Each structure stands twice: as structure tokens, then as C-alpha cells.
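Hi,

Here is the structure I promised to pass on to you. Have a look at it first, and then read my notes below.

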Amino acid sequence: MKIQSKSGRNQSGVKLLIAAAVLSASATAAADPAANSAAVEQQLEQKVDEMSQQLQELKAQLEQLKAQNQALSQQQQQTQQVVQQQAAQQQAQPPPQAQTASVRGSSLFDNLSLWGYGEVYYTRPIHEPNRTEADLARAVFGIGYTFDDRTSFNSEYEVEHAVSSASDVGEFEVEQFYVDHQLTDWATVRGGLFLMPFGLLNEHHEPTNFYGVQRNFVETLIIPSTWREGGFNFHGNTDIGIGWNVGLTTGQDLSKWNYAPEFPQYITALDMEDNDVAPLQASHQELALANASHLAEYAALSYTGVPGLNVGAAAFTGNAEKVAAPPNAPINGDQRITLWETHARWTPGKFDLSALYAHGSITNLAVANASNPGSPNPIPSAFYGYYAQGAYTVWQNNTYRISPFVRWEKYSMGSRYEGSPGPILPQGFVPVSANPGDYGYWPVNHDRVWTYGANFYVTPHVVLKADYQSFQQNSNFSRFDLGLGLGF
Amino acid sequence: MIPSSRLLFLPLAAIAVCAPAQATVYLSVDEAQKLMFGEQALMPLPVVLTPEQTAAIEQDAGTKVYPGSLRAWKAADGYFFVDAVIGKHDLITYAVALGADGKVRQLEILEYREAYGSEVRNPRWRAQFNGKQHGDSVRIGDGIQNISGATLSSEHITDGIRRLLATYAIAIAQPPAQR
């Protein structure tokens, strides 16, 4: 529009100019009418011709300008469109820093990770309801730090039984504290205090990872959980699903073994799990000023190459710090502790099936046990346990999931004794604690247990649990449990 | 006392064998793209979700959508995606190739940083997703087997793939009307 009006104005200006020229020419001609009229007419015609030619040229130039102008405006519009598109694309794509997880910023928090887990129990022995207990069994917080793409630090700190002080039952523990440095896709070196790669539970002991309110007895009493040692290891897994782990760690300490407990070391199933009574529970050191004059070695292999299947085995062996020698009877030779286990877990569809066998031994105990005759708690030369467990997800909706399970297990904290016929237990109804009037039966250190229960997952990270456990030997241990567990 | 441990030799042997290499980053985005689509040049495909689309995807997949997390490219014969999920407490980055028919062609783990659970790199586990498309059952225990010992990682990657397939169906395969 603008262009047209402009050219219109120009055209009218040109017309005025021509008219003025014609007028002035005719005035000159009028001054000398007779002689020059023909010549003047000719001149005038010539001028008009010239002018009309100029007019045509101007017209053409204007047309050219008009076309150029249109082209320019089109170009401008196109540029605008491109700019808009680019802006939209930039909005859609986050800035490069947000794109890659590997990019770590300069802030401390970019390299830091935090996590935690914990569990609360309510446990009611059905034959002895006066021993019902509720416990914030553990509250654990983890801190990790990534130094670079191949080097990271992980640690976990645990408060057991809610309150830790000189007059309370609780404990504050460092559960893990190690550095990983990755060497290749399939090999990492780890140093510090770390979990031992034994069984299905020890390395994955968060309450969302196991069925039942409490951990199973085999992976508490035979494989001590949570079992950790100080040292270093090499571990990794390969593309075909073979996991491997070999390490050199601190070993066990038998020198503080309690041969002469005045009362049973446990009078409920919960006590038995908590009171560090089983052979490896009583002798592991957890890197607390650990005696490191003897080191132990272990190796573990696993296979997860078939989706849903996990089979594995592990073995640990090392000389222990020896039992305190009795007077006039030196203990010659070493006391070697060996533990091995094998496990399988298969999760076809909604099923979750697992089984585990674990066996431990301690050598050269004849002198030590024989010098503590009549002990209710001699050191076993062999101990073992096994279980089979099946779970099935009966209902799942959104994040909710209900999985009932049943488990059968057998454990023996002493299946063979050197230098001793075995524990000599007070018979009958006897005092079982320093509390006056607290009577009961001295429990035996082996049992068979059925567990029936269900895990109800509110989310994969929060689980409510209920179970009933039936003990065949220590029938007073039979109990009903409720639990709340979480992990993040 | 000097520990008489034969295993002392193992670490030394391992150090000798293992040449340092980039490790927690198993594949770069470029390497994954070449692996899945060869040398062809891919067109970046901006994934801008309307609030309605975000809600629809979250409803459909049952997982949360984090804006800007998913990156997408269009190939001549399909789509290339890079996304991330939290494993236990750290990010797992992975790449997914979809065919032009919207079916998963390949899953590759690009980065895994946590101390446990890197078994999700196992090819047979990842192959379970191949051929899955939106509407198929893509859940642990229902279409996909888990990995015992890498429970959370396998669960969260499965959730991520389900979210990706929903995003593809809702926002990419049926683009919104031109404004």
C-alpha cells in the first residue's frame, strides 16, 4: 500500500512538471509568432517526446523499486519465522548441563548423594505375651560422594534400637564406609569397611528387599547380618551376567567368647537375633579396633545372566584370634573359621522363589572347649542352616502390591563340638534373667521354623509387613509380628 | 605376623591386568546412536508437552514425568531417545531405539553410577523390552523379569520405558493440531 501511494504521488509530480514545461514553451513561442512558429512547434514536440520518454523510464524504475520492496518484506517475514522456530526448539531442549547426568557441577551437592532406610517392629510371642516388644530396630542414613567418573565413596550410619547411650540398649554403628575405584567395565577395586557378598540378604538388607518382618534366621545366625569387614576387594560383573568378588579382610576374634553365661543369652526370638549369640555374630569385629594380626580371604561368584534368575556361592576362610588359653594348657596351631554358602533365587512372573544353604566351621577347639567343662555355651566346630521360601504377588494396582509368602528354615548354631559333648543346659523351669521371678526354659541353639506372612508395598520404597512364626523346638519363641519398613 | 594369604596375589594380578578406562559411562549418546541407527544423521525432535499431555502420560504410565528429561531424535526408520531414571539414589541414563512402528528395538545403558545393581546392563535382561510397544504389559513381574540384587534399578528402568512408550503414543505419534 505504501509503495503504491508513494508512486502515485511521484506520478502526479511528474505530470505537473510536464505541464509547466509545456506552458513555458508555449509562452516563448507566443513572443515570436510569425517567423518561428513552425520551428517552435517542432522543438515543443521534441521536448514532449523527450519528457514522455523520461516519464516511461521513471515508471520502469518505480516498478523495479516496488518489486524489490516486496521481496525484502517477504525475506523479513521468513527470517522472523525461522527465529521463532529456533526459539521454540531451544525451549524444548534443556540447557546442555541438564541434559547429561554425567555433568557434575562445581557445587559440593552436585556430587553428593543421600539415602536411608529403617524398620519398626512389633513382635508378640504368643505363649509369652508379657515379652511383647516394639522397637525402632534400625534407622540408617547413607552418604555418598562422587569424586570423578570412576571414583566414589559410600557410607552408612546406623542407630539400632532408637536410643544409644551408656544406659540404653541402642548402638550407633558405621555400617559401611568404603571407596570404589572402577578400573574397567567389569572390574572395580574397593577399600574400607564393606558388606560381605554372602547370601541373598547381606548386601541387600533393606526391609523392602526381604519377606517377613525380621530377616530370616539362616541369614542372621549362620551368615551374620549385617556382616561387614574391613579390607579391600576386587569385584565386577560381565556382560554375560557373571558377578565376581574376591577380597582380603579382617577376620574373627574368638578371644572374648562367653563360655559361662549366667542366664540364657536370649529368651525370645528377637533376643536371639539381636544379642550377637551365634558363632560369627559373637566373633565378628566390625572394624572396631579390630584385631588384624590374622587376615581372612573370600571369594564369591554369582550368575544373573538369565532374567529373573540369580544363583551364587561364596566362601570365606581365615585364622581367628584364638580363644584365651587355659592355664597350663597352651593351644597349639591356629583356629580357622570357614563359612561357605550357596543360594538361588528365581522370579518367574508373579512368583518369587528362593533357597539358600550356609555352613560354617571352626577348627582346633578341643583344648579350649575341654577346659570349659559343663559350659552351656561351648564353641561349635560346625554350624549350618538352610531355607526355602516362596512368595506370590496376588494383587497389584498402581504402586500397591501385596505378596504373601511362606518360608521353611532350619538352623543349628552348633551341630558338632570338639572337646565337648555340646551345651550343658539347666533343665526345667529356671531363672532366665536377673529379674526376680523371671522364669522360663533355657532355649536350645537349633530349630526349625515355619513363617507365614505377607508384604504389602505402599510404594516400592515403603512396605508394611505381617507374619506368624512357628518354632518347633523353642515353641515359646513362636510369635506374631508387624513391621513398617522403608528405603530410599 | 605376616598374613600368609595366597589371595594377596590376586589384587596385584588384577592391577596388572586392568588398564584404566572410562567405566561408569558405558556408552556416550553418540556411540549409542551409531550402534542403533548407524551413520545416518538424526533430526532433533523437540518434546514439548502440554500440561494435558503430561497429565495423560502420568496417568497412562503411572509414573511421574520430569519436563526436559527426555531427549528425542527422528531417524529415517524410527526414533532415538535418551532418558534417565533414579536407580536407588543416583541417575541411570539409557538410550532407547523405537522402530517406525513404535516398538522398542533396543535398550542400552549409557551410565550407571551406583555401587550395586549394575547387572541391568546384562543383554538378556535388556532384550526383554525388544518388541514392546505402548499398551503392552511393561512391568516387573508382568512382562518383564526383575534382577534379584538389582531390584530397584530394574524396576525403575522398567517404569522409565513404560513412560517413554506412553510419551511416544500421546505426544509424538499423534502430534497436537498445528497452532
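What follows is a short tour of what turned up in it. Keep in mind that this is a predicted model.

**The sheet in chain B**

Let's start with chain B, which has an open sheet of five strands. Their order is S1-S2-S3-S4-S5, and the pairing is antiparallel. Which strands stand at the edges? They are S1 (43–44) and S5 (104–112) of chain B; each has a single partner strand, so one side of each is left without a neighbour in the sheet. For S1(B), that partner is strand S2 (residues 71–75) of chain B, and two bridges join the antiparallel pair. If you want a spot to click on, find Met43(B), which stands opposite Lys74(B) in S2(B).

Helices lie against this sheet too. Helix H2 (residues 29–37) of chain B packs on it and touches S2, S3 (78–86), S4 (91–99) and S5 of chain B. The direction of H2(B) makes about 160° with that of S5(B). Helix H5 (residues 151–172) of chain B lies across S3, S4 and S5 of that chain, running at about 140° to S3(B).

**Two nonpolar cores**

Now for the greasy parts. The largest nonpolar core has 31 residues, and Phe198(A), Leu254(A), Val323(A), Leu339(A) and Ile379(A) have the most contacts inside it. Among the elements that give two or more residues to this core are helix H4 (218–222) and strand S8 (295–303) of chain A. Try selecting Ile379(A): beyond its neighbours up to four places away in sequence, its contacts include Leu254(A), Trp257(A), Val323(A) and Tyr417(A). There is also a second, separate core of 29 residues, which includes Leu70(B), Tyr79(B), Phe81(B) and Ile92(B).

**Salt bridges**

How many salt bridges does the structure hold over all chains? The count is 21. Here are some worth finding on your screen.

- Arg131(A) and Asp438(A) meet through their side chains at 2.9 Å, N to O. They sit 307 residues apart, in two loops: Arg131(A) between strands S1 (112–125) and S2 (133–148) of chain A, and Asp438(A) between strands S15 (429–431) and S16 (439–441) of chain A. Arg131(A) counts as buried because its relative accessibility is 13%, under the 20% cut-off. Asp438(A) counts as buried as well, at 13%.
- Arg163(B) and Asp83(B) form a salt bridge at 3.3 Å, N to O. This one ties helix H5 to strand S3 of chain B, with the two residues 80 apart. Arg163(B) is buried at 8% relative accessible area, and Asp83(B) is buried at 4%.
- Glu111(B) pairs with Arg113(B), with the closest N and O atoms 3.6 Å apart. Glu111(B) is buried at 6%, and Arg113(B) is buried at 10%.

In chain A, salt bridges that share partners also join Glu119(A), Arg138(A) and Glu158(A) into one network.

**A buried charge without a partner**

One last residue to look up is Glu119(B), in the loop between S5 and helix H4 (123–126) of chain B. Is Glu119(B) buried or exposed? Glu119(B) is buried, yet has no salt bridge. The nearest side chain of opposite charge is Arg121(B), 8.4 Å away. Leaving aside neighbours within four places in sequence, Glu119(B) is in contact with residues of chain A, Asn237(A) and Thr304(A), and of chain B, Ile147(B), Gly149(B) and Ala150(B).

Have fun exploring!

Methods:
Residues are numbered from 1 along each chain as its sequence is written. Chains are lettered from A and ligands numbered from 1 in the order in which they are written. This is a predicted model: local features need pLDDT of at least 70, side-chain atom pairs count only at pLDDT 80 or more; totals for chains, interfaces and linings use all residues. Side-chain values use heavy atoms; hydrogens and water are left out. Two strands pair if DSSP finds at least two bridges between them. Helices (H or I, at least four residues) and strands (E, at least two) are DSSP runs, numbered from the N terminus. Contact means heavy atoms within 4.5 Å. Axes are lines fitted to C-alpha atoms, for helices over the stretch in contact, and angles run from 0 to 180 degrees between N-to-C directions. A nonpolar core is a set of buried Ala, Val, Leu, Ile, Met, Phe, Trp, Tyr and Cys residues joined through side-chain atoms within 4.5 Å. Buried means under 20% relative accessible area, exposed over 50%, partly exposed in between (1.4 Å probe, protein chains only). Lys and Arg count as positive and Asp and Glu as negative; His and the chain ends are not counted. A salt bridge is a side-chain nitrogen of Lys or Arg within 4 Å of a carboxyl oxygen of Asp or Glu.
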